[in-house]
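Open the structure in your viewer and keep the sequence panel beside it. We will move from one selection to the next and say what is there.

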Amino acid sequence: MMDPTTDNAGLTEDPDRARAALEALRAEIAKAVVGQDPAVTGLVVALLCRGHVLLEGVPGVAKTLLVRALAAALELDTKRVQFTPDLMPSDVTGSLVYDARTAEFSFQPGPVFTHLLLADEINRTPPKTQSSLLEAMEERQVTVDGTPRPLPDPFLVAATQNPVEYEGTYPLPEAQLDRFLLKLTIPLPSRQEEIDVLTRHAEGFNPRDLHAAGVRPVATAADLDAARAAVAKTTVSPDITAYVVDICRATRESPSLTLGVSPRGATALLAASRAWAWLTGRDYVIPDDVKALALPTLRHRVQLRPEAEMEGVTADSVINAILTHVPVPR
């Protein structure tokens, strides 16, 4: 008799098992990364929504380690690209290489052909190279010499960036920022968390050897497929849909912003809210789900007026004010 938790292809069908497996990621990643639970949850939400994540924080707060630990705990292929001012687009996507033996050109895939691409310090490379990821992120394919080549599934770009005021950085263009489902800020650790980090290192922890740290695969691509199918069945009432639209429209009318959230941003907020609702054990979305995902989903899709920025206004403060004033459905 066939196991009821699998289909004919051997894939997990049990959404409860998939939810438990994805929840176990937190404990597994915590073996390598101290704290950062919100960032871990954001990465899982992005995987469920087939989205991408922008991680922002000062150097040395374990952004790269976080992504590597996620890949190890999910048993996904991962590749890392260090973005530098001299990096070329073909260094990311791949290029045609002449083979002298056959006298023909063959395609040499770039590092983008992986499940989880770590684009490290993406804002240290010029816009031309940054834009090489646009097609991959949106269409999930790479076109070289007129031939589209599909990327593997799942595929997620986890891009890290330093704050733009740091020397030698190039702000990401609005079109590319809009391709990221979430922007997660990685804060400096608390005093106790920093003590825990140093204690681990004193006891022999090696961030380059996650296997020795005890990080093991606790979820699979089959779990992810089952989870995505369950998220797609999560109910969204007309009131919740209208609530999402009202929040996004309010950003377009804010006097502090020159650029509000696009309809793509509204779609992203709805998708992220559904994923969060399912992760918390519900098959329907409530207003608190929308509020919980509003900041990471919208903060990179708005643009402050210079005068507001000079007065100390931030994107987060504007969005929080909007969440306070937009009527919440009952």
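## First stop: the end of a helix

Select Gly204, which follows helix α8 and has a positive phi, near 105°. Now take in α8 itself, residues 191-202. Its twelve residues reach 17 Å from the first C-alpha to the last, close to the 16 Å expected at 1.5 Å a residue. Keep in mind that this is a predicted model.

## The open sheet

Next, colour five strands: β2, β5, β8, β1 and β9. They form an open sheet in the order β2-β5-β8-β1-β9, with parallel pairing. Which strands stand at the edges? They are β2 (78-82) and β9 (182-185). Each has a single partner strand, so one side of each is left without a neighbour in the sheet. Look along the sheet: neighbouring strands are turned by 20° against each other on average, direction ignored.

Zoom in on β5 (residues 116-120) and β8 (residues 156-161). Four bridges join these two parallel strands. Pick Leu117 to find one of the pairings: its bridge partner in β8 is Val157.

## A helix on the sheet

Select α3, residues 63-74. This helix packs on the sheet and touches β1 (53-56), β2, β5 and β8. The direction of α3 makes about 175° with that of β5.

Check its length. At 1.5 Å a residue, the twelve residues of α3 should span 16 Å, and the end C-alpha atoms are 17 Å apart, which agrees.

Is α3 mostly covered or uncovered? It is mostly covered, with nine of its twelve residues buried. Among them are Lys63, Leu66, Leu70 and Leu74. Show the surroundings: α1 (15-29), α2 (37-49), β1, β2, β5 and β8 are included in what covers the buried residues of α3. Then step just past the helix to Glu75, where phi is positive, about 55°.

## Two residues in β8

Go back to β8 and select Ala158, which lies in this strand. Ala158 is buried, with a relative accessible area of 0%. Draw a distance to Leu54: the two C-alpha atoms are separated by 5.9 Å, though the residues are 104 apart along the chain. Leaving out residues up to four places away in sequence, Ala158 touches Val53, Val67, Leu116, Leu117, Leu118 and Ala119.

Now select Gln161, also placed in β8. Is Gln161 buried or exposed? At 4% relative accessibility, Gln161 counts as buried. Beyond its neighbours within four places in sequence, its contacts include Leu55, Glu56, Lys63, Glu121, Asn123 and Lys183.

## The cores

Select Leu22, Ile29, Leu48 and Trp278. Of the 74 residues in the largest nonpolar core, these four touch the most other members. Centre on Ile29. Not counting residues up to four places away in sequence, Ile29 touches Val40, Leu66, Ala69, Leu70 and Ala73. Apart from this core lies another, of 23 residues, including Val81, Phe113, Leu133 and Ala136.

## Two hairpins

Move to β3 (residues 94-99) and β4 (residues 104-109). These strands pair in the antiparallel sense over six bridges. Click Ser95, and its bridge partner in β4 is Gln108. The two strands form a hairpin with four residues between them. Stop in the turn at Ala103, which has a positive phi of about 60°.

Then find β6 (residues 141-144) and β7 (residues 147-150). They too pair in the antiparallel sense, here over four bridges. Val144 stands opposite Thr147 in β7. This hairpin has two residues between the strands, and Asp145 takes a positive phi near 55°. Which residues make up the covered face of β6? Val142 and Val144 do, while Gln141 and Thr143 form the uncovered one.

## Last stop: the cysteines

How many disulfides does a search of the whole structure find? Zero. Select Cys49, which is in no disulfide. Cys49 is partly exposed, with a relative accessible area of 21%. Cys248 is buried, with a relative accessible area of 0%. The closest cysteine sulfur to that of Cys248 is in Cys49, and it is 14 Å away, too far for a bond.

Methods
Residues numbered from 1 in each chain as written. Predicted model: local features only at pLDDT ≥ 70, side-chain atom pairs only at ≥ 80, totals over all residues. Heavy atoms only, no water. Core = buried A, V, L, I, M, F, W, Y, C linked by side-chain atoms within 4.5 Å. Buried < 20%, exposed > 50% of the residue type's maximum accessible area, 1.4 Å probe, protein only. Contact = heavy atoms within 4.5 Å. Pairing = 2+ DSSP bridges. Axes fitted to C-alpha atoms, helices over the stretch in contact; angles between N-to-C directions. Disulfide = S-S within 2.5 Å. Expected span 1.5 Å × (residues − 1).
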